[in-house]
Each structure stands twice: as structure tokens, then as C-alpha cells.
Amino acid sequence: MLEDIDDILKMAATGGIVLVGFLAVKSFTNSIKENRINSAYADASVSGSTAEMARKLKDAFDNCDMFGCAGTNEEAVIRLIQSIPNKRFFEGMTKDYARLTSGASFDVDFHDEFYSWGNNSSDNIIYDDLMVYIQNLPN
Ligand SMILES: [Ca+2]
């Protein structure tokens, strides 16, 4: 009986250590994630950078101001995509987009922003046109 209690205590102690270890690792990775996002935001303040483009596209997707969030700012998205000079810049932008959003995919978000209201809408045509534009970017 005493041995059983001893085992239970040992198990509880081991569980506690595992939990503390887990929480320590979690808080460590969270702080790394925060630092990454903060440095991405610092990069996004550099005019003409891929990070700035990523932030502007994210802002246009969300289209929020102090009064709330309106629907996607399609005109801004079109203008921004059409100002991307080449594939290399686009790829850098998608990496920065992930850094700014804790790992969200630009491609998935971009698709969702324009395809969320069902098929056959004019939004889909805008998306398809912009995808053609992106695919035809020079390297
Ligand atoms: Ca939106």
C-alpha cells in the first residue's frame, strides 16, 4: 500500500515536471514568435520593402479602421498586386506575409478574400486576373 502511494507520488511529480517543462518550452517559443512578428513589423516600416507590401496587402484584406472592418478593399488589392515588380519580390512578400501573420499563407488568404462569396461573382474574375498577372511576372 505504501509502495503504491509512493508510485502515485512519483508519477504525480513526474507529471508536474513534464508540465512545467512543457509550459517553459511553450512560453519560450511564444516569445520567439513575438520577436519574429516584431521584427517583421520593423521590416514592414521600410518603404518599398517586401514586408511593407505584405502589411499593406494584409491591411487591404482586413480593411479595418477605428470604426470597424469593412469588406476587402479590392481596389487597393488590385493596385498593390499590380505594383509588384517581379516574381522574386512576390516570393519575398509571401514570406514576410507569413512572418507578419504568425504563419498564415498569402496564397490561401488571397484566394479566400475573393472566393468567400461563392462562385461566378465579379470577385472571382478579379482574383483570376490578378493570378494571371502574378504568374506572368518576370523573374
Ligand atoms: Ca476581407
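The following paragraphs lead through the structure from its overall form to selected helices, loops and residue pairs.

The structure is a predicted model. Its chain contains six helices and two strands. Read from the N terminus, the elements follow the order α-α-β-β-α-α-α-α. The radius of gyration of the chain is 23 Å, whereas the globule rule gives 14 Å for 139 residues; the chain is therefore more spread out than a compact globule. Along the principal axes, the C-alpha trace spans about 75 × 35 × 35 Å. Of the 139 residues in the chain, 16% are buried. Among contacts with a separation of 6 or more, 57% join residues that lie 24 or more positions apart.

Helix 1 covers residues 2-44, and two of its residues illustrate contrasting surroundings. Ile17 belongs to helix 1. This residue has 10 other C-beta atoms within 10 Å and is exposed, because a count of 12 or fewer meets that criterion. Ile17 and Lys87 are separated by 70 residues in sequence, and their C-alpha atoms are 49 Å apart in space.

Ala40 also has its place in helix 1. Its 20 C-beta neighbours inside 10 Å make Ala40 buried, since the cut-off for burial is 20 or more. When neighbours within four places in sequence are set aside, the contacts of Ala40 are Ala51, Asp96, Arg99 and Leu100. One of these partners, Leu100, is 60 residues from Ala40 in sequence, yet the C-alpha to C-alpha distance for this pair is 5.7 Å. Another partner, Ala51, is one of the buried residues of helix 2.

Between helix 1 and helix 2 runs a loop that includes Ser47. With 6 other C-beta atoms within 10 Å, Ser47 is exposed. Ser47 and Tyr97 lie 50 residues apart in sequence and 16 Å apart in space, taken from C-alpha to C-alpha.

Helix 2 comprises the 13 residues 50-62. From its first C-alpha to its last, helix 2 reaches 18 Å, close to the 18 Å expected at 1.5 Å a residue. Its buried residues are Thr50, Ala51, Met53, Ala54, Arg55, Leu57 and Phe61.

What backbone feature appears at Asn63, just after helix 2? Asn63 adopts a positive phi of about 50°, although this residue is not a glycine. It sits in the loop between helix 2 and strand 1, the latter formed by residues 64-65. Asn63 is partly exposed, because its 16 C-beta neighbours inside 10 Å fall between the limits of 12 or fewer for exposed residues and 20 or more for buried ones.

A positive phi occurs also at Ser102, with a value near 55° in a residue other than glycine. Ser102 is located in the loop between helix 4, residues 87-100, and helix 5. Ser102 is exposed, with 11 other C-beta atoms within 10 Å.

The final part of this account concerns the packing of helix 5 and helix 6. Two packed helices are described by the angle between their axes and the distance between the axes. Helix 5, residues 106-115, packs against helix 6, residues 122-135, at an angle of about 150°, and their axes are 8 Å apart. Helix 5 is therefore roughly antiparallel to helix 6, as the angle is over 145 degrees. Which residues of the two helices meet? From helix 5 the participants are His111, Phe114 and Tyr115, and they meet Asp123, Asn124, Ile126 and Tyr127 of helix 6. Sorted by class, this contact of helix 5 with helix 6 has four nonpolar, two polar and one charged residues.

How values were computed:
Residues are numbered from 1 along each chain as its sequence is written. This is a predicted model: local features need pLDDT of at least 70, side-chain atom pairs count only at pLDDT 80 or more; totals for chains, interfaces and linings use all residues. Helices (H or I, at least four residues) and strands (E, at least two) are DSSP runs, numbered from the N terminus. The expected span of a helix is 1.5 Å times one less than its number of residues. Axes are lines fitted to C-alpha atoms, for helices over the stretch in contact, and angles run from 0 to 180 degrees between N-to-C directions. Angles under 35 degrees count as roughly parallel, over 145 as roughly antiparallel, 65 to 115 as roughly perpendicular and the rest as oblique. Two residues are in contact if their C-beta atoms, placed from the backbone, lie within 7 Å. Ala, Val, Leu, Ile, Met, Phe, Trp, Tyr, Cys and Pro count as nonpolar, Asp, Glu, Lys and Arg as charged, and the others, Gly among them, as polar. The radius of gyration is taken over C-alpha atoms; the globule rule is 2.2 Å times the number of residues to the power 0.38.
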